[in-house]
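Visitor: I would like a close look at one part of this model, the place where two strands are paired. Please take me through that part and then through its surroundings.

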Amino acid sequence: VLRHPEPGAVSKAAHHCRKPLINAGDGIGEHPTQSLLDFFTIREEIGTVNGLTIIIVGDLKHARTARQLTLYNVDVRYVSPKSLDMLEKITKLVKARS
């Protein structure tokens, strides 16, 4: 497990690692461990993530969970003030995976 302040650091380290590497966050980049914790909590409480409607409210500009939700069979709704809307590249990624 690696967490590093430099974006892309985990990817660079993975190229030199003989064992699987878990990205615990790299700068403002990916932070999949937060999504894993969110999904774990939902599964513990409800039993499954698939088939649910999940609403993410708040800072979508910096929200990393929004990207990982597209890997599940869920209906995702996004709510944020205009100043914290998802970046266009993330919006395109989410739409492409839907």
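Guide: Strands β3 and β4 run parallel and are joined by 5 bridges. Two strands count as paired if DSSP finds at least two bridges between them, and the strands themselves (E, at least two residues) and helices (H or I, at least four) are DSSP runs numbered from the N terminus. The model is predicted, so local features need pLDDT of at least 70 and side-chain atom pairs count only at pLDDT 80 or more, while totals for chains, interfaces and linings use all residues. Residues are numbered from 1 along each chain as its sequence is written, and side-chain values use heavy atoms, with hydrogens and water left out.

Strand β3 covers residues 53-57, and strand β4 covers residues 75-79. Within this pairing, I54 has V76 of β4 as its bridge partner. The side chains of β3 alternate: I54 and I56 point to one face and are buried, whereas T53, I55 and V57 point to the other face and are not buried. Buried means under 20% relative accessible area, exposed means over 50%, and partly exposed lies in between (1.4 Å probe, protein chains only).

I55 and V57 join V79 in a nonpolar surface patch of about 290 Å². V79 belongs to β4 and is partly exposed, at 44% relative accessible area. A patch is made of residues with over 30% relative accessible area and no salt bridge; like charges are joined within 9 Å, and nonpolar side chains (Val, Leu, Ile, Met, Phe, Trp, Tyr) within 5 Å. Accessible areas come from the Shrake-Rupley method with a 1.4 Å probe, and for residues only the protein chains shown count as cover.

The two strands belong to a chain with 4 helices and 4 strands, in the order β-α-β-α-β-α-β-α from the N terminus. Of its 98 residues, 28% count as buried. The accessible surface of the chain is about 6900 Å², and carbon and sulfur atoms account for 57% of that. Contact means heavy atoms within 4.5 Å; among contacts between residues at least 6 apart in sequence, 30% join residues at least 24 apart.

Elsewhere, G27 sits in the loop between β2 (23-26) and α2 (32-46). Its C-alpha atom is 4.2 Å from that of P5, although G27 and P5 are 22 residues apart along the chain. G27 is partly exposed, with a relative accessible area of 28%.

The whole structure has 4 salt bridges, each a side-chain nitrogen of Lys or Arg within 4 Å of a carboxyl oxygen of Asp or Glu. One of them joins E6 and K12 at 2.8 Å, N to O, and E6 is partly exposed at 37%. Another links K82 and D85, with the closest N and O atoms 3.4 Å apart; K82 is exposed at 72%, while D85 is partly exposed at 29%. E88 and K92 also form a salt bridge (3.3 Å, N to O). These two residues are 4 apart in helix α4 (residues 88-97), about one turn of the helix, and both are exposed.

As for confidence, pLDDT is the predictor's confidence in each residue, from 0 to 100. The chain has a mean pLDDT of 83, with 88% of residues at 70 or more. Among the elements, helix α1 (residues 9-14) has the highest mean, 90, and helix α3 (residues 65-68) the lowest, 67. Where pLDDT is low, the predicted coordinates should not be read in detail.
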